[in-house]
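Visitor: Welcome me in, please! I would like to walk through this protein with you, one question at a time.

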Amino acid sequence: MNILIVLLCFSSALGFPSFQDEIPNGGEVPHPCKANHIWRGVGHLNPLGGGDRNPFGADFQNAGATWTTALCEMDSDEDGQTNGEELGDPECVWAKGDTPAVTVGISHPGVCTPYSDPSCQVANQWIDCDVRQLQCDALSEEGMQNITVRFPMTAVPANETNYYCMLFELPTDEDYHMVATTPYIDNEEVMHHIILFGCDETDSPITDVPVNVPRPCGMIAHRQCTTMIGIWAVGFSGECVHRDIGFRIGRNGFKKAAFQFHWNNPMLRTDFMDSSGMTLYFTANRRVHDANIMMIGQNYLAIPPGETEYTAEATCTKGCTSKKWSDTVYVTRALNHMHYMGRKQRIEHYRDGVKLRDVTYDELYSYDSPVLYEFQDPIELRPGDELKTTCTYRSIGKDKTTFQGDGTADEMCFGFLTFHPAENIQMPYCTAWKGIDLCKIHSLKQDFPVVDGCNVHALLNNTHPDTIRLDTELFSRCTPFQSCRKECKEFLKEELRRNKCIQGDLADYFRLYATRSRDNMLFWAAIDSCKAEIAADAFQCDASKCNNSSSVCEIVGGVGSVAASMTVVSFSLLINLLMKI
């Protein structure tokens, strides 16, 4: 297999990430002239670390590679600010493992700042501020056309995380293949990423949203615009697809597309404006196959603070691929995606339980310098194959748990695979929530009426005897927001023993949506009225080492899920969940 690995900021010497733990905000030092880039090798001339040291690196080495008061009080780059002031420890009181006094507005202690100040120009001549240009042979083909689409000048709200979307029209005079994109970044200070979605108007035209008008949105630009056909992130110079594929637009393809912009404004500034966009390159000389992008990975993250390494996993299982994939597909490109806490990521390909290959492996992941894996000989994926995604994070310096989320300060664990033929996977999403195959809950729910021992379809029927019994008996025995009643505890102990729908990850997932309606909140409050008592019984059993035949230990089989989530599923909860998807 021929693999081309494209590193958008490559270094053969990567330095030592452990040194980041020895200085305040060591993993958060910004690049002085590349907005939204992190300078990970703080003590080196190379932003990724390794090689010659900059002035701060020399002083750090002389200090024994530790943060001392003397090092903190130095001005290594001679720009008028002490190293402590630049790194968020102005009083020089920080100790390893602590959260620095200042975590925003920090600067590089080895680079004269502000970078644009005339007095810093000579000292900073060694810094590379150039952004590499896209290398793509297709752009020089005869007949290649392009259009540049940008947001009209738009005010960026004074929120840390902002998602704005805009629909626009594509050429429709004939069929084309879009084969490349390049970014037009107007405001580097706020632009985090751009996703380009194709909009499906096969069944009905989109009439509820005007074109060329930016508007606040979520992770999806529009309910009919769900197919990813282009991605830009910090560090990317653009995209150029495999020679045999293209994204179909035009007469028999996507006639409209939508941008999703993620603006990052951690300083909550009110004066930011942006008019970014993309140039789309397309040709009537269509390729052999239509392409699409598949997303895999983990939708649930809860990364504890202070961890040197924390690992999350997710598998696109054979249960999903055997149903979702109608035939063999071929992967020509793969990209890992985490945020700034991410340190390592791997996507593995399995068949019949045997690992075939690493599709990707970033041993030292950098959000600012993404690695694009391109396969000149495409990887063959068959129905029944599995794809395992493993993400490793570093949370040293954090004082709170970090969750999965859209914001830059949140985290993600996803992989994006460009594949063909597009028609062989109709819904190209194969993600997990903890240990749950989400395809079984959503796109393939008709194929999987029972998930992890839970008959979901029965619970979706509000006339089903089990649903009627559960609701009736729960509220006849348990009172929301009141103390635990004996009859409530006994009922829940029995229900936990036999009902698979209220145990483990599946129960946690359904409970996540309980706050969306008053009835569901009351439902969970009734269950929680005995949460502490049931957990106490389990603790008593463990402490006394009694056997499962005792009155206390009878509940041990189900109390694990009580302690984890105390989850019971009702019809109203499930129907609310599915209506929101």
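## A tour of bridges, cores and cavities

Guide: Happy to show you around, and please keep in mind that this is a predicted model. A good place to start is a disulfide: C112 and C120 are paired, with 2.0 Å between their sulfur atoms. Both partners, C112 and C120, are buried.

Visitor: Is the disulfide of C112 and C120 left-handed or right-handed?

Guide: The handedness follows from the torsion about the S-S bond. For C112 and C120 that torsion is about -60 degrees, so the disulfide is left-handed.

Visitor: How many residues apart in sequence are the parts that C165 and C217 tie together?

Guide: C165 and C217 form a disulfide with sulfur atoms 2.0 Å apart, and with 70 degrees about the S-S bond this link is right-handed. C165 sits in strand β4 (residues 161-169), while C217 belongs to the loop between β7 (215-216) and β8 (227-233). The pair therefore ties together parts of the chain whose separation in sequence is 52 residues.

Visitor: Is C217 buried or exposed?

Guide: The cut-off for buried is under 20% relative accessible area. Its partner C165 counts as buried at 0%. C217 has a relative accessible area of 19%, so C217 too is buried.

Visitor: Which helix holds C488, the partner of C478?

Guide: C478 and C488 form a disulfide with sulfur atoms 1.9 Å apart, and the 100 degrees about its S-S bond makes the link right-handed. C478 lies in the loop between α7 (465-477) and α8 (486-498), ten residues from C488. Relative accessibility is 1% for C478, which counts as buried, and 0% for C488, also buried. The helix that holds C488 is α8.

Visitor: How many disulfides does the count come to?

Guide: We have looked at some of them, including C112 with C120 and C165 with C217. A pair counts when the cysteine sulfur atoms are within 2.5 Å. By that rule, the number of disulfides is eleven.

Visitor: Which residues touch the most other members of the largest nonpolar core?

Guide: That core has 72 residues. It takes at least three residues from each of domain 2 (139-288) and domain 3 (292-440). Apart from it lies another core, of 36 residues, with C320, W325, I347 and F419 among them. In the largest core, the residues touching the most other members are F168, L196, F259, W263 and Y393.

Visitor: Which residues is L196 in contact with, leaving aside its neighbours within four places in sequence?

Guide: L196 is one of the residues touching the most other members of the largest core. F168 and F259 are also on that list, and both are in contact with L196. Setting aside neighbours within four places, the full set of contacts for L196 is F168, M178, T227, M228, I229, G230, A257, A258, F259, M278 and L280.

Visitor: Which element gives the most to the lining of the largest cavity?

Guide: The structure holds three cavities of 30 Å³ or more, and about 60 Å³ of space lies in the largest. Its lining is made by I231, F236, E239, I293, R333, A334, L335, L372, F416 and T418. Two elements, β18 (329-337) and β24 (413-420), give two or more residues each. With three residues, the element that gives the most is β18.

Visitor: What share of the chain do buried residues make up?

Guide: The chain has 13 helices and 28 strands, and its length is 581 residues. Of these, the buried share is 52%.

Conventions
Residues numbered from 1 in each chain as written. Predicted model: local features only at pLDDT ≥ 70, side-chain atom pairs only at ≥ 80, totals over all residues. Heavy atoms only, no water. Core = buried A, V, L, I, M, F, W, Y, C linked by side-chain atoms within 4.5 Å. Buried < 20%, exposed > 50% of the residue type's maximum accessible area, 1.4 Å probe, protein only. Domains from an automatic or database assignment. Contact = heavy atoms within 4.5 Å. Helix = DSSP H or I, 4+ residues; strand = E, 2+ residues; numbered from the N terminus. 1 Å grid on protein atoms, 1.4 Å probe; cavity = no way out; pocket = protein on both sides within 12 Å on 5 of 7 lines; lining within 4 Å. Points joined across faces, edges and corners; volume = space filled by probe spheres on them.
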